[in-house]
Amino acid sequence: MKKLLQKKILVPTFLCVLFLSTTAFKNDFFEIAKQIEIFTTLYKEINMNYVDETNPADLMDTAIKSMLDDLDPYTRFMNEQDVEAARINNTGDYTGIGARVKTLKDKLVIVEPYKDYPADKAGLKAGDEIIKVGDILVSDYKEDSGNLLKGASGSTVNVTFKRNNETKTATIERAEVDIKAVPHYSMVDKKTGYVVLSKFNRKASAETSYAVRDLKAQGAERLILDLRGNPGGLLNEAVNIVNLFVPKGQLVVTTKSKVKKYNKQYFTTRDPLDTEIPLVVLIDGSSASASEIVSGTLQDLDRAVIVGARSFGKGLVQRPKQLTYGTQIKITISRYYTPSGRCIQSLDYWNRNEKGEAVRVKQENYNEFKTKNGRKVFDGGGIFPDVTINKVKNTTITKAILSSDLIFDFATDYYYNNPSLHIDNLKLNDTDFNAFKKYLDNNNFSFTTDTEKALYKAYETSIKENLNDDIKTDYDALISGLKDSKDQAIDEHKDFILQSLTEEIVKRYAYREGLYEYYKSNDEHIQKSAQILGNTMTYMDYLR
C-alpha cells in the first residue's frame with residue numbers, strides 16, 4: 001500500500017514540483033500553455049473537417065512564418081534545406097557545379113559561374129537558362145529545382161539550357177567548391193594593398209590575415225579593406241579580424257539581452273598582426289552585421305578611416321536553436337553595441353507605424369558618442385563613414401530596377417552583342433543609358449509608387465460614393481503626370497544605373513576577379529582611399 005501511495009501520489013507530486021520550479025514561475029507560462037492548446041485543437045479541427053483537402057505541413061509552415069513575421073526579419077524557422085544552406089554559408093564548402101543559381105518557376109538561371117569550377121569548365125555563362133536537368137524538366141519539378149544540380153563530388157549531371165534563344169546541352173562534373181571569404185587581394189600601387197572581404201565565414205580571419213601578410217611582403221605600407229556588399233556572418237570572426245589591427249585585450253563589441261547569459265563582452269584574444277599600418281575601410285548600404293562590428297569598432301578606436309556610405313544597420317544577434325526532425329529556429333537573442341556604446345540597429349520592429357512598418361530613429365533623436373580620440377560619432381543605426389562618397393538613397397525606383405533583373409538581362413545582351421570588347425577602361429555613356437531606358441520600355445518595366453497607390457484608393461472610394469465623373473478626368477491627369485515624374489526619376493538615378501550596369505557587364509567578360517581589378521583603376525572609393533592613405537597628414541586629420 002505504501003509503495004502504491006508513493007507511485008500514485010508522491011512521484012507525480014515530485015515531478016510536478018520539479019516542472020513548476022523550472023518553468024511555471026515565469027509569468028507567462030500558463031498563457032503559453034493555454035495558447036498552445038487552443039492552436040493544437042484548432043489545427044486538428046481544420047485538418048479533419050475543412051471542406052477541401054488540406055496539406056498539414058503547408059498550413060503549419062504558413063502559421064510559423066506568419067507568427068515570426070511579427071517579430072523581426074531575422075528570427076526564422078529553418079527546415080532541413082535551410083539548415084544545410086546555413087552550414088555552407090558558415091563553412092564556405094559544398095559539393096556542386098560551382099555557380100550562383102537563381103531558381104525561377106520554369107528554369108534555373110546561372111547568375112554567376114565561379115572561375116575554373118565545374119559550370120565554368122563546362123562552358124556555362126551568366127544568363128544561361130537551364131530548362132532541363134537530366135531527364136527532368138525544371139518546369140515540371142514541384143520542389144526546389146536547384147537541388148537537382150547537387151550531388152556527390154565526381155558525379156556528372158547533364159543540363160539543357162537556353163542561350164540567346166538557342167538550346168544547348170552540357171555535361172557538368174560536380175566537385176568540391178570552396179567559397180572564399182577573401183575572393184581578391186592585390187596591390188593598388190607600389191605601397192597600397194587592397195583586400196576584399198565578402199563574408200564572415202569560418203575562414204574569414206585566416207584568409208584576411210594571409211592576404212595582409214602577403215601584401216606586406218609585396219611592399220604594402222598601407223591597406224584598404226573593402227567590406228562593401230558584405231552581409232556579415234560569424235561574430236567571432238569579426239572580433240578576430242579587428243584583432244589583426246588592434247592589441248590583445250581590446251573590447252570589440254558588447255551584446256545586451258533580456259536573458260542574462262547572452263549579455264557578453266567580446267575582447268581581442270590574440271597578438272595583433274599590425275597595429276600601426278594606416279587603414280581605410282570601405283562600407284556601403286549593404287555592409288551589415290559583422291561588417292558593421294569591424295568598421296564601427298575600428299572607427300571607435302580611431303584605428304581606421306571609414307569611407308563610403310552609411311551601412312545597413314543590422315544590430316540584432318541571432319542564435320540557432322535545434323528543433324525536431326533536423327529543423328532549427330534562428331532566433332534574435334540580443335543587440336550589438338560598439339566600444340563607444342553605439343547601437344548598430346537601425347530599424348525598430350517592436351514599435352511600428354500605423355502601416356505596420358518598422359521605423360527608423362529620427363536624426364534629431366540620434367545620441368552622441370565619442371571615439372578614443374574624442375571624435376563625435378552617433379547611433380541611429382548603421383555606421384556613418386568619415387568620408388561619404390556616392391550616397392545612393394534606396395528609393396522605389398532603385399528597388400524596382402534591381403528586383404526586375406533587367407540590369408542583369410541587359411548586361412547579358414550587351415556581352416553577346418559586343419564579344420570582342422576590352423573592359424580595362426570601360427566607360428558607359430549617355431548612349432548606353434538611353435539604350436537601357438529603351439530596354440526598360442521594350443520589356444514593359446513598370447513600378448507603382450506609394451502616391452499611385454493612394455490615388456487609386458481615393459479614386460476607388462469616389463466610385464463607391466457615386467461622385468461625379470470629373471474625378472475620373474482629374475485622376476487620369478494626375479496618373480499621367482506621375483508617369484512623367486517616374487521617367488524623370490530614372491534620369492535622376494543615372495549614375496547608379498550606369499555603375500550597376502558597368503559592374504554586371506565587367507563580370508560577364510572577366511568574372512568577379514576581373515571586377516576587382518577593374519575597381520582598382522576605375523572605382524571612386526578606392527581612388528579616394530588611396531589618396532587619403534597617400535598623405536599622412538590627411539589620414540591623421542580624419543582620426544584626430
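So, D386: partly exposed, with a relative accessible area of 23%. Before I go on, keep in mind that this is a predicted model. Now, what does D386 pair up with? D386 makes a salt bridge with R375, and the closest N and O atoms there are 3.0 Å apart. Where do those two sit? D386 is in the loop between β22 (376-378) and β23 (387-388), while R375 is in the loop between β21 (368-370) and β22, so the pair ties together parts that are 11 residues apart in sequence. The arginine end is the hidden one: R375 has 11% relative accessibility, so R375 counts as buried, because the cut-off for that is under 20%.

D386 has another partner too. The side chains of Q299 and D386 are joined by a polar contact of 3.0 Å. Is Q299 buried or exposed? Buried, with a relative accessible area of 1%. If you click on Q299 and leave out residues up to four places away in sequence, you'll find that Q299 touches A304, I306, R342, T371, R375, V377, I383, F384, P385 and D386. Notice that both members of our salt bridge, R375 and D386, turn up in that list.

Q299 takes us to helix α8, since that's where Q299 sits. Have a look at the whole helix, residues 290-300. How many of its residues are buried? It's 11 of the 11, so α8 is largely enclosed by the rest of the structure. And look at what kind of residues are in there: the buried set includes E292 and D300, along with S291, S295 and T297, and also I293, V294 and L298. Just after the helix, D302 takes a positive phi of about 55 degrees.

Okay, let's zoom out. The protein chain has 544 residues, and 41% of them count as buried. For secondary structure, we get 16 helices and 23 strands. The C-alpha atoms fill a box of roughly 95 × 70 × 65 Å along the principal axes. If you take contacts between residues at least 6 apart in sequence, 67% of those join residues at least 24 apart.

The domain assignment splits the chain into domain 1 (94-178), domain 2 (184-391) and domain 3 (396-525). I want to spend the rest of the time on how domain 1 meets domain 3. The contact takes 15 residues from domain 1 and 10 residues from domain 3. Their C-alpha centres lie 29 Å apart. Between them, domain 1 and domain 3 bury about 980 Å², with 50% of that on carbon and sulfur atoms.

What about polar pairing across that interface? There are four residue pairs in polar contact between domain 1 and domain 3. Which strands of domain 1 are involved? β3 (99-103) and β4 (108-113) each bring at least two residues to the side that touches domain 3. β4 gives the most, with five residues. As for chemistry, that side of domain 1 divides into five nonpolar, two polar and eight charged residues.

With those charges in mind, how many salt bridges are there between domain 1 and domain 3? Two. For the whole model, the count comes to 23 salt bridges. Here's one to look at on screen: D405 lies in the loop between α9 (396-403) and α10 (406-417), and K102 is in strand β3, so this pair ties together parts that are 303 residues apart in sequence. D405 and K102 form a salt bridge, with the closest N and O atoms 2.5 Å apart. Both ends are partly exposed: D405 has 26% relative accessibility, and K102 has 31%.

One more pair, for anyone scrolling along the sequence. D178 forms a salt bridge with K180, and here the closest N and O atoms are 4.0 Å apart. D178 is partly exposed at 28% relative accessibility, and K180 is partly exposed as well, at 44%.

So, to pull it together: we started at D386, which bonds to R375 through a salt bridge and to Q299 through a polar contact. Q299 led us into α8, where 11 of the 11 residues are buried. And then we had the meeting of domain 1 and domain 3, with two salt bridges between them. Okay, over to you for questions.

Technical notes: Residues are numbered from 1 along each chain as its sequence is written. This is a predicted model: local features need pLDDT of at least 70, side-chain atom pairs count only at pLDDT 80 or more; totals for chains, interfaces and linings use all residues. Side-chain values use heavy atoms; hydrogens and water are left out. Domain bounds come from an automatic or database domain assignment. Contact means heavy atoms within 4.5 Å. Buried area is the accessible area (1.4 Å probe) that two parts lose on being put together, summed over both. A salt bridge is a side-chain nitrogen of Lys or Arg within 4 Å of a carboxyl oxygen of Asp or Glu. A polar contact is a pair of N or O atoms within 3.5 Å; within protein, one must be able to donate a hydrogen and the other to accept it, and residues adjacent in sequence count only if both atoms are side-chain atoms. Helices (H or I, at least four residues) and strands (E, at least two) are DSSP runs, numbered from the N terminus. Ala, Val, Leu, Ile, Met, Phe, Trp, Tyr, Cys and Pro count as nonpolar, Asp, Glu, Lys and Arg as charged, and the others, Gly among them, as polar. Buried means under 20% relative accessible area, exposed over 50%, partly exposed in between (1.4 Å probe, protein chains only).
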